[in-house]
Amino acid sequence: MTKFSELNLSPKVLKAIDEAGYESPTPIQEGAIPPALEGRDVLGIAQTGTGKTASFTLPMITALARGRARARMPRSLVLAPTRELAAQVAENFDQYAKYVKLSKALLIGGVSFKEQDLLIDKGVDVLIATPGRLLDHFERGKLILSDVKVMVVDEADRMLDMGFIPDIERIFGLTPFTRQTLFFSATMAPEIERITNTFLSNPARVEVARQATASETIEQGVVMVKPSRRDREGTEKRKVLRAIIDGEGEACSNAIIFCNRKTDVDIVAKSLKKYGYNAAPIHGDLDQSQRTRTLESFREGALRILVASDVAARGLDVPSVSHVFNFDVPGHAEDYVHRIGRTGRAGREGKAFTICAPRDEKNFAAVEALIQKEIPRVENPVKPAEKPEKRAAAEPAEIEAAPAPEADTDDMPQRGRRSRGGRGRGRGRDRDDAPINVVGMGDHLPSFIALSFEERQAG
Ligand code: AMP
């Protein structure tokens with residue numbers, strides 16, 4: 001087995017790795033670090049959890065230890081699709097570069113331009129950014145990219161999903177032709193292949209096994225739900241969700257609930273809170289400080305249930321959770337594997353439950369086809385015979401919302417971006433920082449409705 005000390009990393013980087021407690025490089029690190037240190041382009045086909053962040057940060061720190069940045073001319077650039085991923089990369093830099101003097105700036109939405117401008121003005125060695133924010137700074141004339149020596153594109157497949165590819169192409173064009181490119185993607189869709197053929201030069205291709213199968217330590221189950229009425233689907237699915245969580249009892253110590261739509265992320269979190277569960281939402285419409293606070297409290301164990309969209313949760317380095325719940329079946333079958341991969345890590349036991357309504361059945365078949373396994377059917381824990389009127393008397397009022405068609409695309413390019421030609425962008429999805437599309441009652445739930453039937457009678 002290769003040791004970190006055999007990889008030609010600088011002694012200061014090795015010291016930081018040692019303190020992080022890493023014993024040996026992961027396969028992507030073993031494959032990507034040597035060519036990256038030689039100055040070659042790297043095409044890494046790997047997903048989160050493989051140690052890919054260190055596979056580009058470690059050689060970058062080693063290489064950047066020599067030389068100094070000039071004002072407004074960063075020496076390296078890391079592009080990540082979401083704010084959280086960019087922040088995570090920045091944390092990695094801090095951890096691994098603690099014995100090396102490197103300046104760094106994080107350019108993400110939700111943070112004031114002024115603070116970021118000040119940092120850029122001083123000159124930064126490492127600029128970590130989401131594509132939209134980077135271009136905003138560039139267009140304001142605050143940033144010059146002609147001194148970029150190393151450019152990293154992280155999670156390129158997610159960038160494609162989010163419509164960022166035109167921005168990425170543009171940024172490539174703004175950096176010098178002689179730059180070194182380290183490019184990471186979990187999958188190689190034709191569009192990604194095209195980008196790498198255009199912008200990478202004879203890259204070292206490093207591929208680590210795709211996670212097409214879920215870990216054996218994850219126990220999976222699906223509850224097939226047939227709503228009594230189409231307009232009660234959400235309410236009834238939330239009831240099933242609570243029944244599953246309750247059925248798991250204390251074994252469910254911490255969980256992530258995934259929803260396909262931001263509106264559902266909000267509604268499910270609100271509904272759970274109303275029923276007394278310790279839950280909070282995370283998605284692209286929430287402001288940055290709130291997202292950071294929610295994540296921290298989930299990491300620390302103060303928050304038991306995180307309700308998330310795929311984009312917001314993608315790549316987040318949260319500790320292994322005991323349970324993953326899919327409030328609905330993801331539209332991309334690979335997302336199912338990513339979602340349930342949040343549990344059962346490092347040989348620990350984990351459980352993953354999926355709720356599948358009739359309209360999700362096609363997507364569910366695609367999931368089973370991908371993992372080449374039948375997911376055991378679990379009996380619906382909610383008895384269908386009860387009448388809705390009776391339930392209303394016994395329980396807090398539910399929050400209902402009209403179905404919204406949008407998926408959560410988190411840091412979608414924002415205002416003013418249309419002028420950049422947005423090929424493939426948007427596709428009718430939500431934009432970041434757009435108001436949450438809760439129709440019907442949503443946030444404006446009149447308080448009397450939140451009262452129980454008895455309270456209403458009394459009041
Ligand atoms: P990533 O795939 O970059 O998101 O990394 C996933 C997790 O693996 C992070 O928590 C890293 O701190 C951790 N990690 C990265 N490299 C190693 C290593 N060589 N040994 C042990 N853990 C690692």
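How do strand β1 and strand β6 pair, and over how many bridges? They run in the parallel sense, with four bridges linking residues 42–45 of β1 to residues 180–185 of β6. Keep in mind that this is a predicted model. Mean pLDDT for the chain comes out at 82, and 80% of the residues reach 70 or more. Here's a quick tour, starting with the sheet that holds β1 and β6.

**The seven-stranded sheet**

- Seven strands make up an open sheet with parallel pairing, and their order is β3-β4-β2-β5-β6-β1-β7.
- The edges belong to β3 (104–107) and β7 (204–207); each has a single partner strand, so one side of each has no neighbour in the sheet.
- Going from one strand to the next, the twist averages 10°.
- If you want a landmark for the β1–β6 pairing, look at V42, which sits opposite L182 in β6.
- β5 pairs with β2 in the parallel sense over four bridges, and L77 has M151 of β5 as its bridge partner.
- β5 also pairs with β6, again parallel and over four bridges; there, V150 has Q180 of β6 as its bridge partner.
- Which residues of β5 (150–153) point which way? V150 and V152 go one way while M151 and V153 go the other, and all of them are buried.

**A closer look at T181**

- T181 is part of strand β6.
- Is T181 buried or exposed? Its relative accessible area is 0%, so T181 counts as buried.
- The T181 side chain makes a polar contact of 2.8 Å with the side chain of R179.
- Leaving aside residues up to four places away in sequence, T181 touches D41, V42, M151, F172, F199 and L200.
- Two of those names have come up already: V42 is the residue opposite L182, and M151 is the bridge partner of L77.

**The β10–β11 pair**

- Strand β10 (279–282) runs parallel to strand β11 (305–309), and four bridges join them.
- A280 of β10 stands opposite L306 in β11.
- A279 and P281 point one way from β10, A280 and I282 point the other way, and all are buried.

**Helices**

- In α2 (27–37), the buried residues are I28, Q29, A32, I33, P35 and A36.
- What covers those buried residues of α2? The cover includes β1, α3, β6 and β7, and of these, β7 is one of the edge strands of the seven-stranded sheet.
- A handy rule for reading a pattern like this: an α-helix has 3.6 residues a turn, so residues three or four places apart point the same way.
- After α2 comes G39, with a positive phi near 90°.
- Helix α14 (333–340) is mostly covered, with six of its eight residues buried.
- The buried residues in α14 are A333, D335, Y336, V337, R339 and I340.
- The axes of α5 (113–122) and α6 (131–139) come within 12 Å and cross at roughly 70°, which means α5 is roughly perpendicular to α6.
- On the α5 side, F113, Q116, D117 and I120 make that contact, and R133, D136 and H137 do so from α6.

**Positive phi outside glycine**

- R72 isn't a glycine, yet its phi is positive, near 60°.
- You'll find R72 in the loop between α3 (52–64) and β2 (76–79), and at 32% relative accessibility R72 counts as partly exposed.
- Q372 is another non-glycine residue with a positive phi, near 50°.
- Q372 sits in the loop between α15 (361–371) and α16 (388–394); with 71% relative accessibility, Q372 counts as exposed.

**Where to be careful**

- Where does pLDDT stay under 50? One stretch is residues 387–395, for which the model has twelve contacts beyond four places in sequence.
- Another stretch with pLDDT under 50 is residues 400–459, and here the model has 136 contacts beyond four places in sequence.

Note on methods: Residues are numbered from 1 along each chain as its sequence is written. Side-chain values use heavy atoms; hydrogens and water are left out. Two strands pair if DSSP finds at least two bridges between them. Helices (H or I, at least four residues) and strands (E, at least two) are DSSP runs, numbered from the N terminus. Axes are lines fitted to C-alpha atoms, for helices over the stretch in contact, and angles run from 0 to 180 degrees between N-to-C directions. Buried means under 20% relative accessible area, exposed over 50%, partly exposed in between (1.4 Å probe, protein chains only). A polar contact is a pair of N or O atoms within 3.5 Å; within protein, one must be able to donate a hydrogen and the other to accept it, and residues adjacent in sequence count only if both atoms are side-chain atoms. Contact means heavy atoms within 4.5 Å. pLDDT is the predictor's confidence in each residue, from 0 to 100. Angles under 35 degrees count as roughly parallel, over 145 as roughly antiparallel, 65 to 115 as roughly perpendicular and the rest as oblique.
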